[in-house]
Amino acid sequence: QVLLVESGGGLVQPGGSLRLSCAASGSIFIIGHMGWYRQAPGNQRELVARVTPTGITNYADSVKGRFTVSRDNAKTTVYLQMNSLKPEDTAVYYCNVEGYSDSVGYAMDYWGNGTLVTVSS
């Protein structure tokens, strides 16, 4: 069984910072991108940031310069450092990885259950 466990969400004031972590466990080989999506109430899920195995990153325009995505391949963990947070960053943040599991037999996207980030004074 493959599990993605997110941590680090919570309530923060505008201008503050949070660091999200997502650790993959179980019989999975991370073969592709690792990253984060978010979904605010009434909105579709959107890409926030992701990083390839070689360290190439891409970000949503709305978070460029404020958020930094990174990965630790040895720990199969992906991080999202969020600085200068704004109320519009409020959403449930989901971890996403591209991996292979023998139990499935092919590569696919795996998702965490999400962690809530609330930016409010």
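This note sets out numbered points on the fold, the strand pairing, the core and the disulfide of a predicted model.

1. Overall composition. The protein chain is built from strands: the secondary structure comes to eleven strands and zero helices. Read from the N terminus, the order of elements is accordingly β-β-β-β-β-β-β-β-β-β-β.

2. Overall dimensions. For 121 residues, the expected radius of gyration of a compact globule is near 14 Å, and the protein chain agrees with this because its own value is 14 Å. Along the principal axes, the C-alpha atoms occupy a box of roughly 45 × 25 × 25 Å.

3. Burial and contacts. Of the 121 residues in the protein chain, 40% are buried. Among contacts between residues at least 6 apart in sequence, 55% join residues that are at least 24 apart.

4. The open sheet. Four strands make up an open sheet, arranged in the order E1-E3-E8-E7 with antiparallel pairing. Strand E1 (3-7) and E7 lie at the edges, each pairing on one side only. On average, and with direction ignored, neighbouring strands of this sheet are turned by 15 degrees against each other.

5. The pairing of E7 with E8. Within that sheet, E7 and E8 run antiparallel and are joined by six bridges. Asp72 stands opposite Thr77, a residue of E8.

6. The hairpin of E4 and E5. These two strands run antiparallel and are connected by five bridges. Arg38 has Glu46 of E5 opposite it. Six residues lie between the strands of this hairpin, and in the turn Gly42 adopts a positive phi of about 80 degrees.

7. The hairpin of E5 and E6. E5 also pairs with strand E6 (residues 57-59), again in antiparallel fashion, through three bridges. Here Arg50 has Asn58 in E6 as its bridge partner. Five residues separate the two strands of the hairpin, among them Gly55, whose phi is positive and near 95 degrees. A glycine with positive phi is thus noted for each of the two hairpins, Gly42 in the one and Gly55 in the other.

8. The nonpolar core. The largest nonpolar core holds 30 residues, and the members that touch the most others are Trp36, Val48, Phe67, Leu80, Met82, Tyr93 and Val97. Two or more residues of this core come from each of strand E3 (18-25), strand E4 (29-39), strand E5 (46-51), strand E7 (67-72), strand E8 (77-82), strand E9 (91-100) and strand E11 (115-119). The contributors therefore include E3, E7 and E8, which belong to the open sheet described above, as well as E4 and E5, which form a hairpin with each other.

9. The disulfide. The structure contains one disulfide. The bond runs between Cys22 and Cys95, with an S to S distance of 2.1 Å. The pair ties together distant parts of the chain, since Cys22 sits in strand E3 and Cys95 in strand E9, 73 residues apart. The angle about the S-S bond is -80 degrees, and the link of Cys22 and Cys95 is left-handed. Both Cys22 and Cys95 are buried.

10. Points to inspect in the model. The reader may wish to view the disulfide of Cys22 and Cys95 together with core members such as Trp36 and Tyr93. The turns that hold Gly42 and Gly55 can be viewed alongside the antiparallel pairing of E5 with E4 and with E6.

Methods
Residues are numbered from 1 along each chain as its sequence is written. This is a predicted model: local features need pLDDT of at least 70, side-chain atom pairs count only at pLDDT 80 or more; totals for chains, interfaces and linings use all residues. Side-chain values use heavy atoms; hydrogens and water are left out. A nonpolar core is a set of buried Ala, Val, Leu, Ile, Met, Phe, Trp, Tyr and Cys residues joined through side-chain atoms within 4.5 Å. Buried means under 20% relative accessible area, exposed over 50%, partly exposed in between (1.4 Å probe, protein chains only). A disulfide is a pair of cysteine sulfur atoms within 2.5 Å. Two strands pair if DSSP finds at least two bridges between them. Axes are lines fitted to C-alpha atoms, for helices over the stretch in contact, and angles run from 0 to 180 degrees between N-to-C directions. The radius of gyration is taken over C-alpha atoms; the globule rule is 2.2 Å times the number of residues to the power 0.38. Contact means heavy atoms within 4.5 Å.
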